[in-house]
Amino acid sequence: MRLAIALCLMAFAGTAVTHAAESSKNAKDFRTPGEAQAAWRKAQRDADDGTWGGAASPLGQGGAIARLKDIANIQGVRENQLVGYGLVIGLNGTGDSLRSAPFTEQSLRAMLDNLGISPPPGASRVKNVAAVIVTANLPPFAGRGSRIDITVSSLGDATSLAGGTLVMTPLAAADGQTYAVAQGNMVVSGFTASGEASTLTQGVPTSGRIPNGALVEKEVTGNFGHDELVVELREPDFTTAVRITDTINAFAKRRYNQPVAKERDSKSIRLRKPKNISATRFLAEIEGLPVVTDEVARVVVDERTGTVVIGDKVRISRVAISHGSLSVRVTETPTVVQPEPFTDGETAIEPNTNIEATQTSNIGILGGTDLENLVKGLNQIGVKPQGIIAILQSIKTAGALHAELVVQ
């Protein structure tokens with residue numbers, strides 16, 4: 001059965017790769033991913049010889065067909081985080097108050113000392129300077145002279161960074177070495193307007209960005225280009241890892257006359273780069289291969305927003321559910337009592353309280369053989385998202401929800 005699946009994947013894998021060898025006589029073109037998935041299912045049914053107990057279950061057909069580059073990364077090819085401390089100058093009276101943020105005054109004096117100016121302590125009481133933290137992500141393969149975007153955030157009590165200019169700030173990585181230098185004019189989307197009685201703030205005026213604001217001064221060395229590469233799945237899964245291995249090997253046998261992939265665990269697959277080909281070209285040829293993905297049955301609920309996300313593989317055993325709500329209505333109708341004429345009585349108010357309790361309850365039978373029937377059953381009960389969350393948690397407690405329940 002695995003051989004038939006690999007042959008089917010070979011059929012449409014050759015059409016998705018730019019540098020593949022000449023097309024096979026069995027190759028077919030699929031206009032949509034749905035046609036490719038249908039062909040894969042048919043090949044699986046036709047190839048089943050009864051070894052596994054009959055026709056394949058719908059649960060084993062996998063999910064959507066995705067490119068390898070969309071579900072996996074190459075180990076070592078990643079971004080690196082950079083951080084630095086600097087000063088933003090040129091603010092229109094919206095900077096740090098130096099008495100409340102003494103580190104801003106210390107940084108300002110240190111910067112002026114480096115420029116050959118030595119002001120006496122306490123001589124500066126300006127409001128156009130703000131201390132900031134600068135963060136950036138250094139992309140992989142960024143060489144010297146490349147530019148990257150940076151984010152600037154206020155560290156003191158500045159009210160706005162609009163119109164400011166970041167002074168040259170070194171950006172260091174976790175190893176303490178400087179890899180980039182940032183400088184430039186701020187781009188702030190938020191603003192603040194205030195008067196004597198009210199203040200209006202829109203967005204975040206104390207944070208901004210500088211596109212291409214950092215210049216890379218040092219490259220990050222990696223292990224890319226070696227004979228052995230490792231593909232890491234973004235969502236670990238044993239079935240998907242094996243399918244990726246079979247798909248890559250089915251293509252590699254036609255392209256390089258040898259298998260190049262070996263699954264290592266649920267997250268990683270080892271690749272052996274063929275000879276006489278660069279690592280860049282090798283990865284470019286295999287990253288477009290279509291892979292039938294698989295996923296764990298999972299239900300994600302967010303009680304704060306009432307969001308419920310149900311995966312396609314979720315199944316529920318046949319259960320009876322009763323979901324009711326109790327509403328209590330309290331009505332106050334006070335009565336005014338007048339005294340008899342020509343008496344010393346006083347006008348009084350007698351309280352009159354009416355309490356009504358109403359309880360509604362819906363009972364239904366719920367059993368989901370697939371996602372569509374499951375959603376229909378939940379809708380027939382007629383409950384709100386908060387009620388659906390409570391029902392799913394109760395079904396999980398009863399042992400009838402055959403999926404992982406994640407509560408955020």
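In the predicted model, Lys273 is classed as buried, at a relative accessibility of 15%. Lys273 nevertheless takes part in a salt bridge with Asp227, in which the closest N and O atoms lie 3.9 Å apart. Lys273 is located in the loop between β13 (268-272) and α6 (279-286), whereas Asp227 belongs to the loop between β10 and β11 (228-233), so the contact ties together parts separated by 46 residues in sequence. In contrast to its buried partner, Asp227 is exposed, with a relative accessible area of 53%. The assignment of Lys273 as buried follows because its 15% accessibility falls under the 20% limit.

In total, 8 salt bridges are found in a search of the whole structure. Among them is the contact between the side chains of Lys313 and Glu295, with an N to O distance of 3.1 Å. This pair links distant parts of the chain, 18 residues apart: Lys313 lies in the loop between β16 and β17 (315-332), and Glu295 in the loop between β14 (290-292) and β15. Lys313 is buried, its relative accessible area being 9%, while Glu295 counts as partly exposed at 34% relative accessibility. Another of the salt bridges joins the side chains of Arg209 and Asp149, at 3.5 Å from N to O. Here the connection is between strand β10, which holds Arg209, and strand β5, which holds Asp149; the two residues are 60 residues apart. Both partners are partly exposed, with relative accessible areas of 41% for Arg209 and 35% for Asp149.

Strand β10 (residues 207-216) also pairs with β7, in the antiparallel sense and over 3 bridges. Within this pairing, Val216 in β10 stands opposite Ala180. Strand β7 (residues 178-185) is in turn paired with β6, again in the antiparallel sense, over 6 bridges. Thr165 is placed opposite Asn185 of β7. The strands β6 and β7 form a hairpin with 5 residues between them, and Gly176 in the turn adopts a positive phi of about 85 degrees.

The loop that precedes β6 (165-172), following β5 (147-154), contains Leu155. This residue is partly exposed, with a relative accessible area of 41%. Together with Tyr85 and Phe103, Leu155 makes a nonpolar surface patch of about 250 Å².

Strands β11 and β13 belong to an open sheet of 4 strands, arranged in the order β2-β11-β13-β12 with antiparallel pairing. The edges of this sheet are occupied by β2 (72-74) and β12 (261-263), each of which pairs on one side only. From one strand to the next, the twist averages 25 degrees. The antiparallel strands β2 and β11 are joined by 3 bridges, and Glu232 in β11 is the bridge partner of Asn73.

A further open sheet comprises 3 strands in the order β16-β15-β22, with mixed pairing. Because β16 (307-310) and β22 (404-407) each have a single partner strand, they stand at the edges, and one side of each is left without a neighbour in the sheet. Neighbouring strands are turned against each other by 10 degrees on average, direction ignored. The pairing of β15 (residues 298-302) with β16 is antiparallel and extends over 4 bridges. Asp302 stands opposite Thr307 of β16.

Aromatic contacts were also examined. A pair of aromatic rings is described by the distance of the centres and the angle of the planes. The structure holds 2 aromatic pairs. One of them is formed by Phe251 and Tyr256 and is edge-to-face, with 6.2 Å from centre to centre and 90 degrees between the planes. The edge-to-face label applies because the angle of 90 degrees is over the 60 degrees required for that class. Both residues are buried: the relative accessible area of Phe251 is 2%, and Tyr256 has a relative accessibility of 14%. Phe251 and Tyr256 form one aromatic cluster with Phe282.

Technical notes
Residues are numbered from 1 along each chain as its sequence is written. This is a predicted model: local features need pLDDT of at least 70, side-chain atom pairs count only at pLDDT 80 or more; totals for chains, interfaces and linings use all residues. Side-chain values use heavy atoms; hydrogens and water are left out. Patches are made of residues with over 30% relative accessible area and no salt bridge: like charges are joined within 9 Å, nonpolar side chains (Val, Leu, Ile, Met, Phe, Trp, Tyr) within 5 Å. Accessible areas come from the Shrake-Rupley method with a 1.4 Å probe; for residues, only the protein chains shown count as cover. A salt bridge is a side-chain nitrogen of Lys or Arg within 4 Å of a carboxyl oxygen of Asp or Glu. Buried means under 20% relative accessible area, exposed over 50%, partly exposed in between (1.4 Å probe, protein chains only). Two strands pair if DSSP finds at least two bridges between them. Axes are lines fitted to C-alpha atoms, for helices over the stretch in contact, and angles run from 0 to 180 degrees between N-to-C directions. Rings of Phe, Tyr and Trp (its six-membered ring) pair if their centres lie within 6.5 Å; planes under 30 degrees apart count as stacked, over 60 as edge-to-face and the rest as tilted.
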